[in-house]
Amino acid sequence: MKTYNYLYHHGQIDELIDFSLFKEKPNLLIQLFCGQDGSVLSYLTKTLLRHLPQAICIGTTTDGEICEERVTTLQSSISITVFDHTTLKTAFVQEEDSFQGGLKLARDLITSRTKLLILFSDGTHTNAENLLQGIESFDCTIPLCGGMAGDNGKLKQTFISSQNHIFDKGAVGVSLNSDRLKVATDYKFDWKSIGVEHTIQEAKGNRIYKIDGMKPVKFYEKYLGSHVSPIEFPLIVKKNGVKTARAVIARHSDGTLSFAGNLSEGDKVKIGFGDAKSLFRDPIKAMKKLHQIQAQTFFLYSCMARRRYMPDLIRFEVEPFARLAPTAGFFTYSEFFHSQGRNKLLNQTLTAVALSECEEEDSALCVKNLQIKRRSEEASYAQTIESLTHLIQQSARDYDIQSKKLEEQMNYSKNLLASHKQFLHYTVHEMNMPLSVIMANIELHEMELGKSVYLENIEVAAKSIFSLYDDLSYLVRRNQMVYLKRRINLAEYVRTRVDFFAQVASKAKSRFHFQIPDEPLILFFNETKLQRIVDNNLTNAIKYTFENEPIFISISRIKDKACLSITSHSRKIQEPERVFEEYYREEEVQDGFGLGLNLVKKICQEEGVEAMLNSSEQMTTFSYRFSLAAQ
């Protein structure tokens, strides 16, 4: 076998190719890698087949062309391979269902002597992963290569061809059938993941609708900015222990993106970037599976992202192949590969196929002394890229270490908080019984032996503890209980709480003045929540009022609202906007954690109660307006 490669830009093909070399050759494979457009692909196809009607011809538009050691754009690479001991079959499909298209293509192409499938699909419509799975369902043993067509990064319309047919949707293929042909395939990835893990939340096949609560376009803008193409920065997903890149192939008007391969809801992904040190490694030395045969031809199908990531240095990936054997190929929107009985859709990779019809088992590819000399400025640029890559990788490693430490600390705090919650539940549960016993025995003692100053002090303290207990009980259970509402006469209810705390106020050298309206004001409210509002305001008034000064409690009607006001003679509140904050206390000398009024604020927000504060040098008033119950 022998391969002839030509680079076409414009003009007549007759001036470029000596067709007499191929006139008598029955087994001709022509691959067209067209970086121009569909019309040029059509012209090349028709012209070549007019001169060589016996040839099998497939083609694709590209995001760059490979012709021997050269990498080009907006040109066309024509590769003509003459086989001596291999026959060819070609077919195409245009099925809406990509899996069924792959199955049909396999049935049309695969024979008992098939050694390799070369496949091209369109780059924007076909679900190439499903296409490859369809082929695999028919025969999972046949190696394959090729890729998705490109359109120079526009991601709008690509073309493929089979013989004289040109398509913008579907797939074309050629099978190489032989008893002597030797095939070796390998690939080189060189992309690594960076940053935090993200979750695919909405997906259908290869189209992603939401990542971490964002449209995919907004997701990429957040991490890459609005002026950076996401093509070179794929999503990397780890499945079955293997990292696979998924590159963007289409952007939709609704902010969603289509990727070269499928992603599933729940998949954990990271953004990928090119590892310069790995990219600059000699591909022949890195791709050891190619060493199995003495290659007579190389076909390269490389991801567009590689060319775009290092446009001035990409030739270093191509030249080592061209120094060993004729080399041709193109830069794809995704690469096709076969390994261990599975067809795989790859992104960001360089895939290579080595072919040989040699009878001798000379397996020594000349991998020694293949160092490509680089100009000093290119070497310097490469070293700069490598240094930046190393910086990114080391920063990512440091970030991972810090993230793990933070996760450990968060887990510790979470466990500690759970233990504290459990302890609080237990404490609240166990407090009720002894408090009830204390209060009951105080009453029994007074009934039998009369009042005592000491017992009065104990009773006042117990009532304060009861109020604290009620707060804690509510906080512990508020998310676990449904607090039902009932009709409550506001004045009657407040009077019971005033009576309860009257003794506490007396011991603090204060007293309550309670004023109620002539008409009953009925609320539709939960009693537990109302108690928290009333009790916290009464205990705060007792705590902060001046000695021998009264505390005024009034209930009035203001339009369709019932207003509860509690006024005390106390110091002016310096930061009224912070009074309802958690853990805030106006006077540090006073005991407490500042949780009571914060709890009141939350209840008011939940129930639509208006809370107001007015504080001067003489008086401080807390007012609450409740909606009246329907008559």
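How many disulfides does the structure hold? The count for this predicted model comes out at 0. A disulfide, for the record, is a covalent bond between the sulfur atoms of two cysteines. As for individual cysteines, C67 counts as buried because its relative accessibility of 7% falls under the 20% cut-off. C358, with a relative accessible area of 25%, is partly exposed.

On to the sheet. Here 6 strands line up in the order 1-6-2-3-10-11, giving an open sheet with mixed pairing. Strand 1 (2–8) and strand 11 (165–167) sit at the edges; each has a single partner strand, so one side of each goes without a neighbour in the sheet. From one strand to the next, the twist averages 15°. At the strand 1 edge, the partner is strand 6 (residues 76–82): the two run antiparallel and are joined by 7 bridges. Y4, for instance, has I80 of strand 6 as its bridge partner. Helix 1 (residues 38–51) lies across strand 1, strand 2 (28–34), strand 3 (56–61), strand 6, strand 10 (160–162) and strand 11, and runs at about 160° to strand 2.

Further along the chain there is a helix pair to look at. Helix 12 (residues 527–544) and helix 13 (residues 596–607) have axes that come within 9 Å and cross at roughly 145°, and the crossing is left-handed. Helix 12 brings K529, R532, I533, N536, N537 and N540 to this contact, while helix 13 supplies G596, L597, L599, V600, I603, C604, E606 and E607. Sorted by class, the contact has 6 nonpolar, 4 polar and 4 charged residues.

Notes
Residues numbered from 1 in each chain as written. Predicted model: local features only at pLDDT ≥ 70, side-chain atom pairs only at ≥ 80, totals over all residues. Heavy atoms only, no water. Axes fitted to C-alpha atoms, helices over the stretch in contact; angles between N-to-C directions. Helix = DSSP H or I, 4+ residues; strand = E, 2+ residues; numbered from the N terminus. Left-handed = near helix turned anticlockwise from the far one by under 90°. Contact = heavy atoms within 4.5 Å. Nonpolar A, V, L, I, M, F, W, Y, C, P; charged D, E, K, R; others polar. Disulfide = S-S within 2.5 Å. Buried < 20%, exposed > 50% of the residue type's maximum accessible area, 1.4 Å probe, protein only. Pairing = 2+ DSSP bridges.
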